[in-house]
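Reader: I'm new to this one. Can you walk me through it?
Author: Sure. Here it is.

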Amino acid sequence: MAIRNRLTEILGIEHPVLLAPMDVVSGGRLAAAVSHAGGLGLVGGGYGDGDWIDREWALAGNARIGCGFITWSLAKHPALLDGVLAHQPAAVMLSFGDPRPFAPAIRAAGARLICQVQTAAQSREAVEAGADVIVAQGTEAGGHGQAESLFTLLPQVVDLCPATPVVAAGGIADGRGLAAAMTLGAEGVLMGTRFYASLEAAGHPEAKQRIVAAQGGQTVRSIVFDLSRRNRWPSPYTGRVRRNCHAERWLGREAELEARAEEVARDYAAARERGDFDVAAVIAGEASALIHDIPPAGEIVERVVAEAERLLAPRRYAAP
Ligand SMILES: Cc1cc2nc3c(=O)[nH]c(=O)nc-3n(C[C@H](O)[C@H](O)[C@H](O)COP(=O)(O)O)c2cc1C
């Protein structure tokens, strides 16, 4: 029983599985692997490096992929959007800011507009922007987000946006997550942390190992890593990362960290450079506790879909 719904139709995909645009971790190889497996790969638009995006697009070859932007950052470098639209992306995802100024150009270029939201109120803005797909992102998610958990946010967004397919994000790593999300009204999932621990992800091998080794409770949402890399996000966004020595040292002491920002940022950048993840953050979500291997991304898509299809099959609920 293949899952077919408005999402698979609108995005022209075989399986309702999207790769989250994870800054430089979601490069062209990973995006292409997810798309070739029947999902949709989204390259990370990051903070403004058009040359990087062009290189990753080339690496994706002939795969049908999209791109995701951090909206408040895109507003500072709007020409990046034109660069991406010139590649004829299947979709552009906007997260963390008002999508409305960018929506007309995206739709005029024939790309699908995906808006990631963290609150029910933001989902109304997404509908106003003409979103083709809305991603409801729970606080469990790796990377930046807000405070509401997916289990309560998702049905609110589904109820508020009946004409738009909703995708669930945050804490999903297997077919149980996809099946549960669909039961709550989603039509698919967007996964970041699960795909970070894949062969094609452009992350450091040690970072992938730390995701695999993580147990429950070993991630934390805060502003410590943004302050440490001098990349302050607008309130109320915070970033979820794997706990490490640096996080333990500074959590609860953010004002002091800010006062010593220059010195901390220097040490932090050097730690990133040498791959020292006791200091540099591994950006990852609560789903880390469900991840135990680093397979090819295509295998992740296959496993998630096969398990969800099994769980959602009607016979499971039939009377004996
Ligand atoms: C390493 C990492 C980097 C991320 N970078 C971005 C980003 O650049 N833009 C964005 O919209 N979301 C980003 N996210 C958040 C994802 O879009 C998505 O909401 C999240 O990964 C879903 O939760 P999960 O990690 O539990 O699957 C990032 C997530 C991770 C794990």
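**Helix packing, ligand and backbone**

Author: Start with a helix pair. The axes of helix 2 (residues 28–36) and helix 16 (residues 297–312) come within 8 Å, crossing at roughly 35 degrees. Keep in mind that this is a predicted model.

Reader: Is the crossing of helix 2 and helix 16 left-handed or right-handed?
Author: Right-handed.

Reader: Which residues make the contact?
Author: Helix 2 brings Leu-30, Ala-33 and Val-34. Helix 16 answers with Ala-297, Gly-298 and Val-301.

Reader: And how do the residues of that contact divide by class?
Author: There are 5 nonpolar, 1 polar and no charged residues where helix 2 meets helix 16.

Reader: Got another helix pair?
Author: Yes. Helix 7 (residues 120–129) packs with helix 8 (residues 150–160). The angle is about 35 degrees, and the axes are 9 Å apart. The crossing of helix 7 and helix 8 is right-handed.

Reader: What meets what there?
Author: From helix 7, Ala-120, Ser-123 and Arg-124. From helix 8, Leu-153, Gln-156, Val-157 and Leu-160. That contact divides into 4 nonpolar, 2 polar and 1 charged residues.

Reader: Why give both an angle and a distance?
Author: Because two packed helices are described by the angle between their axes and the distance between those axes.

Reader: New topic, the ligand. Which residues come nearest?
Author: Pro-21, Gln-137, Gly-171, Gly-192 and Thr-193, of the 20 residues around the ligand.

Reader: What does Pro-21 offer the ligand?
Author: A polar backbone atom, 3.2 Å from a nitrogen atom of the ligand.

Reader: And Gln-137?
Author: Gln-137 uses its side chain. An N or O atom there is 2.9 Å from an oxygen atom of the ligand. Gly-170 has a polar backbone atom 3.4 Å from a ligand oxygen.

Reader: How much of the ligand's accessible area does the protein cover?
Author: The protein covers 96% of the 590 Å² that the ligand has on its own.

Reader: Which elements give two or more residues to the shell?
Author: Strand 4 (91–95), strand 9 (188–191) and helix 10 (193–196). By class, the shell has 11 nonpolar, 8 polar and 1 charged residues.

Reader: Last topic, the backbone. Which residues does a cis peptide bond join?
Author: Ser-235 and Pro-236, with omega about 10 degrees. Pro-236 sits in the loop between helix 12 (224–228) and strand 11 (238–242).

Reader: Where does Asp-23 lie?
Author: In the loop between strand 1 (17–19) and helix 2. Asp-23 has a positive phi of about 40 degrees, although it is not a glycine.

Reader: Why point those two out?
Author: Because most residues other than glycine have a negative phi, and most peptide bonds are trans.

Definitions and conventions. Residues are numbered from 1 along each chain as its sequence is written. This is a predicted model: local features need pLDDT of at least 70, side-chain atom pairs count only at pLDDT 80 or more; totals for chains, interfaces and linings use all residues. Side-chain values use heavy atoms; hydrogens and water are left out. Axes are lines fitted to C-alpha atoms, for helices over the stretch in contact, and angles run from 0 to 180 degrees between N-to-C directions. Helices (H or I, at least four residues) and strands (E, at least two) are DSSP runs, numbered from the N terminus. A crossing is left-handed if the near helix is turned anticlockwise from the far one by less than a right angle, and right-handed if clockwise. Contact means heavy atoms within 4.5 Å. Ala, Val, Leu, Ile, Met, Phe, Trp, Tyr, Cys and Pro count as nonpolar, Asp, Glu, Lys and Arg as charged, and the others, Gly among them, as polar. A residue is near a molecule or strand if one of its heavy atoms lies within 4 Å of it. A polar contact is a pair of N or O atoms within 3.5 Å; within protein, one must be able to donate a hydrogen and the other to accept it, and residues adjacent in sequence count only if both atoms are side-chain atoms. Accessible areas come from the Shrake-Rupley method with a 1.4 Å probe; for residues, only the protein chains shown count as cover.
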